[in-house]
Amino acid sequence: MADTADSETAPQQRWTAVDLYITDLLVPEDAVLEAALRDSAAAGLPPIAVTPNQGKLLGLLARVLRARAILELGTLGGYSTIWLARALPADGRLLTLEAQPEYAEIARANIARAGLAKSVELRVGPALETLPQLVAEGAGPFDLIFIDADKKNNPGYFEWSLKLSRPGTLIVVDNVVRDGRIIDPDAYDPALGDENIKGIRRFFELLAAERGVDATAIQMVGSKGYDGFALAIVD
Ligand code: SAH
Ligand code: DHB
Ligand code: MG
């Protein structure tokens, strides 16, 4: 039973098999995206890009918004970047922020192979340093902001994202559930907890308190396990 997943199958195998089923039907094989993942893996980047059907969701959201300006925090090898940038009109622009120069080098090659070098700008550096620079330069407002860098800094990323937004901007945040660990008291213990889990919870608290956004979050399962997206529209 290598290619099926019945109700006796372990949950992860079943989630992966259903993602394959959906992806086979709705997310066409794409040599450029597959090469981006292959070269990212070959260079030793961690296998933590969004899944193909999540990448397509990001692209669909960009299309719904008719986004012309997109900001991404956390490029890795540029896989989600390519999904988002492909959803832009011909004169659209995407700016993506990445802390690791070695990852940025791989991403640049992947973005160039996708024919997106003209519409994508990659800035290397910790996002908490590049975001204030963007505000100082008068960058934005962006139509869509995808927050997918280090989770411990999500509160700061959300606050800076608001400064780079306009009414109607959609902010999407990846990895807000983390196997459900966001509700484990051990994981968010102020002294002994996990900095990433604490960052995600602090972000949720900011989201709840912020009068200027309308937000929700959705749990997801799939080939990457159990996690989720938060979505917020700026009022
Ligand atoms: N969006 C990518 C995955 C990003 S993984 C995709 O789906 O294809 C998270 C990325 O955030 C990693 O590349 C990591 O190096 C980067 N990152 C971690 N800390 C960062 C920081 N302080 N500033 C900017 N990027 C950071
Ligand atoms: C991990 C997953 C992600 O999607 C991400 O952006 C960062 C880290 C992880 O599983 O460690
Ligand atoms: Mg992520």
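For these notes, a polar contact is a pair of N or O atoms within 3.5 Å. I'm working on a predicted model.

**Ligand 2**

I started with Asp174. A polar atom in the side chain of aspartate 174 sits 3.2 Å from an oxygen atom of ligand 2, so I logged the pair as a polar contact under the 3.5 Å cut-off. I then looked up the other side chains that reach an oxygen atom of this ligand. For aspartate 148, a polar side-chain atom lies 2.6 Å from an oxygen of ligand 2. For lysine 151, an N or O atom of the side chain is 2.9 Å from an oxygen of ligand 2. Next I checked how covered the ligand is: on its own ligand 2 has 290 Å² of accessible area, and the protein covers 71% of that.

Who surrounds it? I listed Ile48, Asp148, Lys151, Asp174, Asn175, Arg178 and Lys224 around ligand 2. I sorted that shell by type and got five charged residues, one polar and one nonpolar. I also looked up the pocket, and ligand 2 takes up space in the largest one.

**Magnesium ion (ligand 3)**

Which residues coordinate the magnesium ion (ligand 3)? I found Asp148 (OD), Asp174 (OD) and Asn175 (OD1), at 2.0 to 2.2 Å. Along the sequence I read the spacing of these donor residues as D-x25-D-N. I wanted to know whether aspartate 174 and asparagine 175 are buried or exposed. Both aspartate 174 and asparagine 175 turn out to be buried. I noted that Asp174 has a polar side-chain atom 3.2 Å from a ligand 2 oxygen and is also a donor to the magnesium ion (ligand 3).

**Ligand 1**

I moved on to ligand 1, which has 21 residues around it; Gly74, Ser80, Glu98, Ala127 and Asp148 come nearest. Asp148 turned up again here: an N or O atom in the side chain of aspartate 148 is 2.8 Å from a nitrogen atom of ligand 1. Serine 80 also has a side-chain N or O atom 2.8 Å from a nitrogen of ligand 1. With tyrosine 157, I got 3.2 Å between a polar side-chain atom and a nitrogen atom of ligand 1. I checked the cover too: ligand 1 taken alone exposes 580 Å², and the protein buries 89% of it.

The shell around ligand 1 came out as twelve nonpolar residues, five polar and four charged. I looked up its pocket last, and the space ligand 1 takes is the largest pocket.

Notes:
Residues are numbered from 1 along each chain as its sequence is written. Chains are lettered from A and ligands numbered from 1 in the order in which they are written. This is a predicted model: local features need pLDDT of at least 70, side-chain atom pairs count only at pLDDT 80 or more; totals for chains, interfaces and linings use all residues. Side-chain values use heavy atoms; hydrogens and water are left out. A residue is near a molecule or strand if one of its heavy atoms lies within 4 Å of it. A polar contact is a pair of N or O atoms within 3.5 Å; within protein, one must be able to donate a hydrogen and the other to accept it, and residues adjacent in sequence count only if both atoms are side-chain atoms. Accessible areas come from the Shrake-Rupley method with a 1.4 Å probe; for residues, only the protein chains shown count as cover. On a 1 Å grid over the protein atoms alone, a cavity is a set of points where a 1.4 Å probe fits but cannot get out, and a pocket is an open set with protein on both sides within 12 Å along at least five of seven lines; lining residues have an atom within 4 Å of a point. A molecule sits in a cavity or pocket if more than half of its atoms lie within 2 Å of its grid points. Ala, Val, Leu, Ile, Met, Phe, Trp, Tyr, Cys and Pro count as nonpolar, Asp, Glu, Lys and Arg as charged, and the others, Gly among them, as polar. Donors are N, O and S atoms within 2.8 Å of the metal (3.2 Å for Na, K and Ca); water is not among the atoms, so sites may look incomplete. Buried means under 20% relative accessible area, exposed over 50%, partly exposed in between (1.4 Å probe, protein chains only).
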